[in-house]
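Welcome to a short set of exercises on reading a protein model. Try each task yourself with the picture at hand, then follow the worked solution.

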Amino acid sequence: MASGKGEDDASATNARPPVEDHIAERVKLEREARGWSSVTLAEKMAEVGHPIGQSAIWRIESGKPRRRVNTDEALGFCKVFDMTLDELSSPPGQMANPIIRRLIGEYVEQWKEWRSLGKSMDAIQDQLREYTKANPDQDAMVRNMLAVELDAASNGDFHRHKGARSRLTRWLGDAYQPSAAADADVDE
């Protein structure tokens with residue numbers, strides 16, 4: 001029964017640093033949060049130039065003992081999951097709940113798309129504004145037409161839509177509430 005320093009060294013040699021377990025847990029968590037299989041993750045890793053087999057991913061996530069992640073693979077996981085090495089190697093924590101991560105990821109993607117669409121809409125609005133500057137006699141007609149079309153596309157809810165871009169609502173002015181204006185015309 002050895003109880004000397006040699007025994008402590010042996011157990012320390014077999015002990016894995018917690019950071020390796022954090023990486024393995026994070027890889028599994030991030031993969032599941034995106035609804036990806038280990039095959040899909042392997043494909044995405046190959047796409048970013050850090051190929052790894054599906055079975056290696058399984059051994060990293062679930063192997064007994066877990067397979068170690070080399071530096072090239074860690075960098076690939078960072079690219080695929082769009083995170084820093086520090087984030088990949090930190091303890092997953094409460095906010096890393098797969099459902100929350102998936103929903104936040106979806107929200108961020110939708111927000112990026114919404115922002116891009118907003119820029120495109122602003123460019124079209126600028127073109128309409130240039131047209132009405134060149135043709136001031138058609139200004140009211142263009143604004144009213146746009147307001148009526150937006151109102152029809154939203155089933156009459158556009159004037160209540162809180163996500164309407166303020167730049168657009170300022171430009172439309174009185175035409176912004178076409179349903180109200182149409183109702184007023186009917187009452188007269």
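**Exercise 1: The order of the elements**

Which pattern does the protein chain follow, read along the sequence?

Solution. Let us begin with the ground rules. This is a predicted model, in which local features need pLDDT of at least 70 and side-chain atom pairs count only at pLDDT 80 or more, while totals for chains, interfaces and linings use all residues. Residues are numbered from 1 along each chain as its sequence is written, and side-chain values use heavy atoms, with hydrogens and water left out.

Step 1. Helices (H or I, at least four residues) and strands (E, at least two) are DSSP runs, numbered from the N terminus. The protein chain has 10 helices and zero strands.

Step 2. Read in order, the pattern is α-α-α-α-α-α-α-α-α-α.

Step 3. Take contact to mean heavy atoms within 4.5 Å. Among contacts between residues at least 6 apart in sequence, 58% join residues at least 24 apart.

**Exercise 2: Checking a helix**

Work out whether the span of α2 agrees with its number of residues.

Solution. Step 1. The expected span of a helix is 1.5 Å times one less than its number of residues.

Step 2. For the 16 residues of α2 this gives 22 Å, and the end C-alpha atoms are 22 Å apart, so the two agree.

Step 3. Now look at accessibility: buried means under 20% relative accessible area, exposed over 50%, and partly exposed in between (1.4 Å probe, protein chains only). Buried residues of α2 include Ile 23, Ala 24, Val 27 and Arg 31. In the protein chain, buried residues make up 27% of the 188 residues.

Step 4. After α2 comes Gly 35, with a positive phi near 75 degrees.

**Exercise 3: The nonpolar core**

Which elements give two or more residues to the largest nonpolar core?

Solution. Step 1. A nonpolar core is a set of buried Ala, Val, Leu, Ile, Met, Phe, Trp, Tyr and Cys residues joined through side-chain atoms within 4.5 Å. The largest one has 18 residues, and those with the most contacts inside it are Val 27, Leu 41, Ile 52, Phe 77, Phe 81 and Leu 88.

Step 2. The elements are α2, α3 (38-47), α4 (54-62) and α5. The largest share, five residues, comes from α5.

Step 3. Zoom in on Leu 41: leaving out residues up to four places away in sequence, Leu 41 touches Val 27, Arg 31, Trp 36, Ile 57, Phe 77, Val 80 and Phe 81.

Step 4. Another core, of six residues, lies apart from this one; Ala 147, Leu 168, Leu 172 and Ala 175 are among its residues.

**Exercise 4: A pocket and one of its residues**

Describe the second largest pocket, then decide whether Ala 74 is buried or exposed.

Solution. Step 1. On a 1 Å grid over the protein atoms alone, a pocket is an open set of points where a 1.4 Å probe fits, with protein on both sides within 12 Å along at least five of seven lines; lining residues have an atom within 4 Å of a point. A volume is the space filled by probe spheres set on the points, which are joined across faces, edges and corners. Here the volume is about 150 Å³.

Step 2. The lining has 13 residues, and Ile 23, Val 69, Asn 70, Thr 71 and Ala 74 lie nearest the centre. Both α2 (18-33) and α5 (71-81) supply at least two lining residues.

Step 3. Ala 74 is found in α5. Its relative accessible area is 8%, so Ala 74 is buried.

Step 4. Beyond four places in sequence, Ala 74 touches Val 69, Leu 85 and Leu 88. Ala 74 and Leu 88 are 14 residues apart along the chain, with their C-alpha atoms separated by 7.9 Å.

**Exercise 5: Two unusual backbone spots**

Where is the cis peptide bond, and which residue has a positive phi although it is not a glycine?

Solution. Step 1. Recall that most residues other than glycine have a negative phi, and most peptide bonds are trans.

Step 2. The cis bond joins Lys 64 and Pro 65, with omega about -5 degrees. Pro 65 sits in the loop between α4 and α5.

Step 3. The residue is Asp 82, with a phi of about 55 degrees. Asp 82 lies in the loop between α5 and α6 (85-89), and at 68% relative accessible area it is exposed.
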